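Colleague: I am new to this structure and would like to go through it with you step by step. Could you show it to me before I ask anything?

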Amino acid sequence: MTSQTSYWNRLIQPGIVALVGAGGKTTVLSKLVEYGRLKGQPIVVTTTTRLYESQVAHYKPIYTQNINEADEYCTDRVLHGYCGAWFSGITGTKVDSLDCDLIDGLSKLHPNWQIVVEADGAKEKWLKAPKTSEPVIPSLTKTTIGLVNLQMLGAPLDDEHVHNIELVQDIVKRDMGAIVTPRMLADLVLHKQGLFQYSKGKKILFCTGYETVQHRIIDDFIDHIVDSDISAIILADGYKASCEIRRIIQCR
C-alpha cells in the first residue's frame, strides 16, 4: 500500500504550480501545503483570481503589491517552517489576486520554493469550462493541475453543478440536463478551450470523488485521456481534510 506521503510528494517540487478547473482546487492547495511542510519543501500560496479569506487566513498572509515586502515576509515564514502566503489585498470576504509578473518575480528570487497558485474560480461547483479571460497562469509555471469532480459522471449538466454551463455545453455539444458520460467529460478535459486552456508546463489531471463512481465508468473515462499530452492522472477519494489519493496513472 503506497502511503499518502509518497503519493503527494510526487506533486511537491520547486517552481510554480497552477491549480485550475473545479471540484477541489482549495483542497489540493491545502494538501500540498500539508505534505510540502512534512517534506521540508519551502512553499508559498497565492492566487491570480480570488479566494475566500477564511480558506487562507490560517496561513497568516501578507497583503501587499510590493514584492520586496512580500519576499521578506515569506522568507521569514519559510525559515521558521511555515507556509508563506501572499495576496494583493482583501475585499469583503475574499482575498485579491496577484499579478502574474509578481508571482514570476518571486519564483525567480527563490527557484527552490514551490509557489502554489489558485488560478481559476468555479464558485464551489464540480465542473467548469473557462471563459476566454481565464485561467490566469504565470508564465514561469512548471505544472498545471486541472481538477474535475468524478461525481459529474452520471449527473446532469445543470447550473447546480456546472460553472459557465453554456461554455461547457458548447464544448460537449449537449443540451442542458444531458447526463454526463465518460466521453463528454474527456472532451471537456482535452478540448483546447476546456480544462487546460492557457496551461503552462506539464499537465496533471486531478480527479476527486473517485470513491463515488463505479470504477468501470472511471476506467472508460481514463481510456479517452491516456493517449493525450496529459502527463499523469491522479484519482482521489474524499474532499477537504479527508481527500486521499488512491491511484496515480503515469501517461507520458
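What follows is a set of questions and answers about this model, which is a predicted one.

Colleague: To begin with the overall make-up, how many helices and strands does the chain have?

Modeller: Both kinds of element occur in this predicted model. Counted along the chain, there are 8 helices and 14 strands.

Colleague: Why can the chain be called as compact as a globular protein of its length?

Modeller: The C-alpha atoms fill a box of roughly 50 × 40 × 30 Å along the principal axes. For 252 residues the globule rule gives 18 Å, and the chain comes close to that value, so it is as compact as a globular protein of that length, with a radius of gyration of 18 Å.

Colleague: What percentage of the 252 residues is buried?

Modeller: A residue counts as buried when its relative accessible area is under 20%. Taken over the 252 residues of the chain, the buried share is 56%.

Colleague: Which helix gives the most residues to the largest nonpolar core?

Modeller: This core holds 34 residues, and those touching the most other members are Leu 150, Leu 157, Val 189, Leu 205, Phe 221, Ile 233 and Leu 235. At least two residues each come from helix 6 (165–172), helix 7 (182–190), strand 12 (202–208), helix 8 (215–223) and strand 13 (230–237). The element that gives the most, with 5 residues, is helix 7.

Colleague: Leaving aside its neighbours within four places in sequence, which residues is Phe 221 in contact with?

Modeller: Phe 221 is one of the members of the largest core that touch the most others. Once neighbours within four places in sequence are left aside, its contacts are Leu 150, Pro 182, Leu 185, Ala 186, Val 189, Leu 205 and Cys 207.

Colleague: How many residues are in the other core, which lies apart from this one?

Modeller: Among the members of that other core are Leu 11, Leu 19, Val 28 and Val 56. In total, the core that lies apart has 31 residues.

Colleague: Is Val 56 buried or exposed?

Modeller: Val 56 lies in helix 3, which covers residues 53–56. Not counting residues up to four places away in sequence, Val 56 touches Leu 51, Pro 61, Phe 87 and Val 95. Because its relative accessibility is 0%, Val 56 counts as buried.

Colleague: How far apart in space are Val 56 and Ser 30, C-alpha to C-alpha?

Modeller: In sequence, Val 56 and Ser 30 are separated by 26 residues. In space, their C-alpha to C-alpha distance is 8.9 Å.

Technical notes:
Residues are numbered from 1 along each chain as its sequence is written. This is a predicted model: local features need pLDDT of at least 70, side-chain atom pairs count only at pLDDT 80 or more; totals for chains, interfaces and linings use all residues. Side-chain values use heavy atoms; hydrogens and water are left out. A nonpolar core is a set of buried Ala, Val, Leu, Ile, Met, Phe, Trp, Tyr and Cys residues joined through side-chain atoms within 4.5 Å. Buried means under 20% relative accessible area, exposed over 50%, partly exposed in between (1.4 Å probe, protein chains only). Helices (H or I, at least four residues) and strands (E, at least two) are DSSP runs, numbered from the N terminus. Contact means heavy atoms within 4.5 Å. The radius of gyration is taken over C-alpha atoms; the globule rule is 2.2 Å times the number of residues to the power 0.38.
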